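Here's a quick briefing to read with the model open. It goes through the ligand site, then the cavity and a pocket, and ends with some backbone details.

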Amino acid sequence: MADPWQNAYDFAVQVARAAGAVIRNAGEDEIKVQTKSCAVDLVTQTDERVEKIIIGSLKEQFGNGTHCFIGEESVAEGEPCILTDKPTWIIVPVDGTTNFVHGFPFVAVSIAFAVNKELEFGVVYSCLEDKMYKARKGKGAFCNDEPIKVSDVNDINKSIIISEHGTDRSIEKVTKIFSTMQKILRIPVHGLRGSGTAATNMCLVASGASEAFFEIGIHCWDVAAGAVIVKEAGGLVLDVDGGGPFDLMSRRMVSANNKVIADRIIKEIEIFQVVRDDAPIQKK
Ligand code: LIP
């Protein structure tokens, strides 16, 4: 039976590659910083422009009004962030905006597609590395068209673990984030890392460069595509609370190469509350 979404999958790869070129060629003005939820939650003209290019191209290709769109910058401008059963594109135009502003060499375009609330495929283009990660549900994961697999490390003491500290600088959250990192470092593990982009971090787990990535505070658009890529590379994506099922809208997850590593990491994570992505918008 023909894959109903093969065309959409192939088109998403083209769109991600084109978006990556716009990011690489961004001029001075287009890297100028504005802030969103706080002083360190950055956005640039390029984030907004690239999101418009991606959604515009997808609407042109699939514009019969049956597809829905969840984009980081559209939600920041007040669009709802609700996942329905309809075919839905989940987009972060520039993942790693702070890296982009500073010239720190990890910036990704992430495009995922869900139907009936089920992720069908994910595309992450790490545009400064020119690495195109992609995965179609049930068909494996690839980087630049080469198959990728998670690492087979089972021993936590031989692992590299990735996490990020996000943009919330409240003492409660910063204390819990670094207490968790300290406990994981002292297991001991070989090392802790963070590229500054959740989408890239998940692709590092999918390609076996790290055994796990966890974060509380990310958004659905940061991890949707990476979740398909990790799973299709033989890994798993779970909730940080007891390793329950991954909830795309919960703004928290642990992705790992296997259950042994995932469970060992989850034991150390100090959970703090964040507002769900699909929480009703608070009227100002
Ligand atoms: C970033 C995430 C990262 C997180 C940052 C930020 P952005 O996304 O990829 O994991 O730690 O706070 O949310 O804002 O660059 O698209």
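Which residue offers a polar backbone atom 2.8 Å from an oxygen atom of the ligand? That's Ala 198, and the pair sits at 2.8 Å. Keep in mind that this is a predicted model. The ligand is well wrapped up here: on its own it exposes 380 Å², and the protein buries 89% of that.

**Ligand site**

- There are 15 residues around the ligand, and those that come nearest are Asp 95, Gly 96, Thr 97, Ala 198 and Glu 215.
- Asp 95 makes its approach through the side chain, where an N or O atom lies 2.7 Å from an oxygen atom of the ligand.
- Gly 96 works through its backbone instead, with a polar atom 2.7 Å from a ligand oxygen.
- Strand S4, which covers residues 88–95, supplies the largest share of the shell around the ligand, at three residues.
- If you sort the shell by class, you get four nonpolar, six polar and five charged residues.
- Both domains take part: domain 1 (6–147) and domain 2 (156–266) each put at least three residues into the shell around the ligand.

**The cavity**

- How many cavities of 30 Å³ or more are there? The count comes to one.
- The space in this largest cavity is about 90 Å³.
- Its lining is made up of Ser 163, Glu 164, Lys 176, Ile 177, Thr 180, Met 181, Phe 214, Glu 215, Ile 216, Ile 269, Glu 270 and Phe 272.
- Two or more of these lining residues come from each of helix H5 (171–185) and strand S12 (212–216).
- H5 is the top contributor to the lining of the largest cavity, giving four residues.
- By class, the lining of the largest cavity holds six nonpolar, two polar and four charged residues.
- Glu 215 is worth a second look, as it lines the largest cavity and is also listed among the residues that come nearest to the ligand.

**Second largest pocket**

- The second largest pocket has a volume of about 280 Å³.
- It's lined by 13 residues, and Lys 117, Glu 118, Leu 119, Lys 231 and Phe 246 lie nearest its centre.
- Strand S6 (118–126) and helix H7 (220–232) each bring at least two residues to the lining of this second largest pocket.
- H7 gives the most to that lining, with four residues.
- What classes make up the lining of the second largest pocket? There are seven nonpolar residues, six charged ones and no polar ones.
- Like the ligand shell, the lining of the second largest pocket takes at least three residues from each of domain 1 (6–147) and domain 2 (156–266).

**Backbone details**

- Ile 187 and Pro 188 are joined by a cis peptide bond, with omega at about -5°.
- To find Pro 188, go to the loop between H5 and strand S11 (191–193).
- Asn 116 has a positive phi, near 55°, in a residue other than glycine.
- Asn 116 sits in the loop between strand S5 (108–115) and S6.
- S6 is a strand you've already met, as one of the elements that supply the lining of the second largest pocket.

Terms used. Residues numbered from 1 in each chain as written. Predicted model: local features only at pLDDT ≥ 70, side-chain atom pairs only at ≥ 80, totals over all residues. Heavy atoms only, no water. Near = heavy atom within 4 Å. Polar contact = N/O pair within 3.5 Å; in protein donor to acceptor, adjacent residues only side chain to side chain. Areas by Shrake-Rupley, 256 points an atom, 1.4 Å probe, with all protein chains shown as cover. Nonpolar A, V, L, I, M, F, W, Y, C, P; charged D, E, K, R; others polar. Domains from an automatic or database assignment. 1 Å grid on protein atoms, 1.4 Å probe; cavity = no way out; pocket = protein on both sides within 12 Å on 5 of 7 lines; lining within 4 Å. Points joined across faces, edges and corners; volume = space filled by probe spheres on them.
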